[in-house]
Structure formats: C-alpha cells, structure tokens
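Subject: A structure for you to look at

Hi,

Here's the structure I promised to pass on. Have a look at it first, then read my notes below with the model open beside them.

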Amino acid sequence: MIIVMRDDASQEEIKQVLARVEELGFTTHPSRGAKKMIIGVIGDLNREELVESLGAYPGIEKLVPILEPYKLAGRTFEEDRSIIEIKDGVCIGGKEILVMAGPCAVESEEQIRLTAESIKAAGATVLRGGAFKPRTSPYSFQGLEEEGLKILRRVANDTGLAVITEVVDPRDVELVGNYTDIYQIGARNMQNFFLLREVGKTNKPVLLKRGLSATYNEFLMAAEYIMAEGNYNVILCERGIRTFETYTRNTLDLVSIPVLRKLSHLPVVIDPSHGTGHWDLVAPAARGAVAMGADGLIIEVHPDPTKAMSDGQQSLKFEKFASLMEELKKLAQAVEREI
Ligand code: PEP
Ligand code: MN
C-alpha cells in the first residue's frame, strides 16, 4: 500500500500518519518526490484495519494498493527512475551510462594499476575486480581476499575511479564495505537472503546480479530484500541465464532491459562478459545493451587475458576495450544517452 500525502500536508500531519501506521505494526518507507510525499507501507498485517484507521487523517490524498509482490522495487512505489550516486557526482540511472571495467579477479597490484589506468583513459568510471572469488570448483583460485581489497582501494584512489567488488559472506559485509564503493552480489548468491539483508542494512550501492535461473519476479524480490532493510541503492544486473544453449557460457537476456525498466525504477546494468563467455561476443552484446537502454555495463578487462587466473576467455585486452568505448560513446548519443 502507498499513502500519497496532499501537496500541502504539514510535517506534523506526515508525522502523525507515520506514527499511526507504525503503531499498527507496518513498516514505513517515506519518499519525497518532486512535489509529493509518499509513504510506502509494508507488512503482512490486516489491510482493512489500516485503511479504516487512516480514513480520518486530513493530510492524506489517497491510498494506492501495490499489486506486485515487490513493493519498494516496483514502479507503483516510485514512478521516476532512481538515480543512485556512487560517489562524488558519479551516478547511475540518469542520462549517463556508467561503465565499470576490470579483471575478473584481483591478481596483483601491477595488474590492477595497469588496468585502472587503461580503463580510465578509455572513459570508464568504476574499477571492478574480485577479491573473494566464488568459483565453480573449490580447487580454483579463490581470490586475494583483504589484500585484494586493499589493492583495489589504493589504485582507485590514485586514479580517481570508484570500486566495485563482490561480497560473498554476510560476515564480510563490514570488511568489504571499508574498501568498496559498490557491493556486488554474485549470481550464485542472488537468493542468499542473509547476505541480501546484511547489505540492506548499509547505505552503500549494491549491484545485484540475476541468478542463473531466476525469473524477473524472483530477481525483483531479491532486490526487495535489500530495500526492505532500508537500502534503496540497488542496481539490477543481467549477466545471462541458463538455457539449453551451450555455445555461449550463458544466454544474455537483453530483453530484460526494457522489461526491468518497465517493472522497476531501479537502474539496469548488463554484463556482456559473463553473459556470453567469449571475448569476441562482448562488443556486440555491449552495443546491443546500450541500444536497448541499459543504464550501465560491467566488462571484464585484463592486461593479458591469456595469463588471467579466471575468465581470461571472456576478458578484453586494453586496445579492444578502448575501441569498444569509442563505439559505445557514439551509440549512446544516438539513443540520447552519454558515456
Ligand atoms: C564476476 O563478476 O566475476 C562473477 C563471478 O559474476 P557472476 O556472479 O555473474 O557469475
Ligand atoms: Mn568473472
């Protein structure tokens, strides 16, 4: 349910409504739009009682039921597109398309420094790199952990980039938060509800990757878990889903861009690297994503993909990434966006 307050509702009237709703056992999520104050009301309690008890409050314009199972992530709660600030004026969800790039895994300071300088020169604004790597095999490289986080932060500070890195364990949310600007929740953890709740208790942006076989509904319900804890800074990321096709690593669902933008106000990012699994398919997929209205891209780039400790086959060399960026800048203009 959404409570739409009248344009002229006083602070006192708003306060009284919030207090009454909370007294009835619901959680309130106030949000101030351009003109109006709206209050999202969430809870599995008696709705009739709520509607009845709010009838006499003068500051209320109307009550709107939310029919979708996702409340805060849906368009009923927020008609305008969410613009999420990453840091110092770097935003996602507006006219500018945010490009995040870097290796799959942090391997060394030199690797990260070379990559950061190169992607920055090409026009990317966020440095990616995994320090905790949830690999399919327990015997594969698992990441440099805190040492990797330190490298990312140091290099990002020196180059003026923001950092995105994955957190895999609810117990590491605070640790990772000390170094990163955006939490990445991996596809395999999309329904790790304890992890979602934990990042939901922070106010840092969270890039939530779509699960390997998650429907849009399940994806948005996972975003809802984060938002229900009070963190509205959620970015949705399509990274390919499992289908019968085995030529590509996953099947990149580009139609998810218009669908998710229709169902939700949250920004939508495409990961053409995991989405395809082949470096030579990354550029066409990225171009398609920009053409279809993506708000951002996350792309794997490595100084020498042949020596990468993970995902080399889908990583771009510096020159390839730079020329892709030039193409994307032109394409962005054609769809009235900017890179
Ligand atoms: C990654 O970004 O390196 C990663 C592990 O992605 P995903 O969770 O989408 O597989
Ligand atoms: Mn990877």
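Let's start with a small detail: V126 has A162 in β9 as its bridge partner. One thing to keep in mind from the outset is that this is a predicted model, so treat my notes as a description of a prediction.

That bridge belongs to a pair of strands. β8 covers residues 126-128 and β9 covers residues 162-166, and the two run parallel, joined by three bridges. Now zoom out a little. Both strands sit in a closed barrel of eight, which goes round in the order β7-β8-β9-β10-β11-β12-β13-β14 with parallel pairing. From one strand to the next, the twist averages 25 degrees.

There's a second sheet to find as well. This one is open, with four strands in the order β2-β3-β1-β4 and antiparallel pairing. Which strands stand at its edges? They are β2 (27-32) and β4 (60-64); each has a single partner strand, so one side of each has no neighbour in the sheet. The twist here averages 20 degrees from one strand to the next.

If you'd like to trace one pairing by eye, try β2 with β3 (residues 37-42): they're antiparallel and share six bridges. A handy place to begin is H29, which stands opposite G40 in β3.

What about the overall layout? The protein is split into domain 1 (2-64) and domain 2 (84-334). Their C-alpha centres are 36 Å apart.

Now for the ligand. Which residues surround ligand 1? The full set is C104, R128, K133, E166, Q184, G186, A187, R188, K209, R239, H274 and E300. By type, this shell has two nonpolar, three polar and seven charged residues.

Three side chains are worth clicking on, and each one has a polar atom facing an oxygen atom of ligand 1:

- R128: the distance is 2.8 Å.
- Q184: an N or O atom of the side chain is 2.9 Å away.
- K133: the distance is 3.0 Å.

How much of ligand 1 does the protein bury? Taken alone, the ligand exposes 300 Å², and 96% of that is buried by the protein.

To tie the two parts together, look at R128 once more: β8 spans residues 126-128, and R128 is also one of the residues around ligand 1. Likewise, β9 spans residues 162-166, and E166 is in the ligand's surroundings too.

Have fun exploring!

Terms used
Residues numbered from 1 in each chain as written. Chains lettered and ligands numbered in written order. Predicted model: local features only at pLDDT ≥ 70, side-chain atom pairs only at ≥ 80, totals over all residues. Heavy atoms only, no water. Near = heavy atom within 4 Å. Polar contact = N/O pair within 3.5 Å; in protein donor to acceptor, adjacent residues only side chain to side chain. Areas by Shrake-Rupley, 256 points an atom, 1.4 Å probe, with all protein chains shown as cover. Nonpolar A, V, L, I, M, F, W, Y, C, P; charged D, E, K, R; others polar. Pairing = 2+ DSSP bridges. Axes fitted to C-alpha atoms, helices over the stretch in contact; angles between N-to-C directions. Domains from an automatic or database assignment.
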